[in-house]
Amino acid sequence: MGEALRLLIENATATEMPTEHILRAAELIRQAAAPLGEHRRGRFDTASADDLLGGIRLYNPVTGEGSAFAPPVDMHREGDLAIGTCTLGRAFEGPPSFAHGGVSAMLLDQMLGYAVTTAGHPGMTVRLDTVYRSPVPLYTPLRMTASITEVNGRRVTATGAITTTTAPTTALVEATGLFVALRSDQAKRLFGPVLDRSA
Ligand SMILES: CCCCCCCCCCCCCCCC(=O)SCCNC(=O)CCNC(=O)[C@H](O)C(C)(C)COP(=O)(O)OP(=O)(O)OC[C@H]1O[C@@H](n2cnc3c(N)ncnc32)[C@H](O)[C@@H]1OP(=O)(O)O
């Protein structure tokens with residue numbers, strides 16, 4: 001379903017069809033959405049397809065295969081380096097034909113988070129600094145990298161970059177992120193209702 005939704009969003013964003021076709025499509029979309037809404041989970045319920053501790057989040061807005069919104073980014077590790085790949089479509093546009101700057105920050109937040117989590121230092125982003133060197137092109141295969149630069153108690157720093165796959169040494173956007181591991185009281189305060197319900 002994620003793939004179908006992403007096709008819908010791409011075509012809906014890029015379409016130049018006449019208004020009557022768009023209105024007809026909107027009606028069909030409402031008809032398709034209605035039965036899905038008949039049985040929904042609440043705010044604190046994780047998706048039955050998810051495995052929180054195993055890192056499976058089907059509807060994550062960056063990596064989720066089931067997400068309408070995610071590119072989705074495919075991530076893996078090669079040694080100490082986290083690597084991600086994706087291609088951004090029209091829905092991610094900011095400046096004409098290039099990605100929105102907030103989208104680049106979102107991709108890098110997830111990349112850095114993946115790098116620290118898979119290195120055994122899970123935490124939440126408390127700071128993300130981005131440097132935009134060149135616009136990120138749409139419809140162009142992208143490569144993202146991230147790695148840890150410092151571990152200081154509960155604070156972990158990671159850096160990363162977005163490049164194209166054809167010019168992997170030319171950074172378009174760079175980011176440095178600070179992640180903080182939660183104390184148990186913080187984890188309980190923030191995620192208690194979720195953990196209770198998924199136990
Ligand atoms: C194993 C299987 C893996 C499978 C593979 C899964 C991959 C899965 C990838 C997930 C990837 C997710 C990537 C998205 C990650 C988000 O998007 S997280 C969402 C965005 N972030 C947030 O909402 C966090 C909001 N912030 C907070 O809730 C609170 O700041 C926190 C995190 C609970 C920390 O509480 P706090 O009271 O601010 O900080 P506190 O605990 O008192 O202090 C900790 C230390 O951090 C420092 N600090 C805190 N904030 C800052 C700051 N902004 N600047 C500098 N220092 C700071 C404090 O000064 C303190 O330093 P020390 O005193 O120890 O020297």
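A residue is exposed if 12 or fewer other C-beta atoms lie within 10 Å of its own. That cut-off is needed for R127, described below with other parts of this predicted model. The model includes a ligand with 19 residues around it, and the UniProt annotation "domain: Thioesterase", from an unreviewed entry, covers residues 98-163.

**Annotated region**
- Over residues 98-163, the chain is 44% strand and 27% helix.
- The C-alpha atoms at the two ends of residues 98-163 are 13 Å apart.

**Around the ligand**
- Among the 19 residues around the ligand, those that come nearest are G55, G113, T117, M124 and V126.
- Two or more residues of this shell come from each of α3 (101-118), β3 (124-132) and β6 (173-180).
- Helix α3 gives the largest share of the shell, 6 residues.
- Sorted by class, the shell around the ligand holds 8 polar, 6 nonpolar and 5 charged residues.

**R127**
- R127 lies in strand β3.
- R127 counts as exposed because it has 11 C-beta neighbours inside 10 Å.
- Leaving out residues up to four places away in sequence, R127 touches G177 and L178.
- R127 and L178 are separated by 51 residues in sequence, yet their C-alpha atoms are 5.1 Å apart in space.

**Helix α4**
- Helix α4 spans residues 184-198 and has 15 residues.
- The end C-alpha atoms of α4 are only 17 Å apart, whereas a straight helix would reach 21 Å at 1.5 Å a residue.
- At F191, shortly before the proline P193, α4 has a kink of about 80°.

How values were computed. Residues numbered from 1 in each chain as written. Predicted model: local features only at pLDDT ≥ 70, side-chain atom pairs only at ≥ 80, totals over all residues. UniProt positions renumbered as here; feature names shortened; annotations may be inferred. Helix = DSSP H or I, 4+ residues; strand = E, 2+ residues; numbered from the N terminus. Expected span 1.5 Å × (residues − 1). Bend = angle between axes of the 7 residues up to and from the residue. Near = placed C-beta within 6 Å. Nonpolar A, V, L, I, M, F, W, Y, C, P; charged D, E, K, R; others polar. Buried ≥ 20, exposed ≤ 12 C-beta atoms within 10 Å, placed from the backbone. Contact = placed C-beta atoms within 7 Å.
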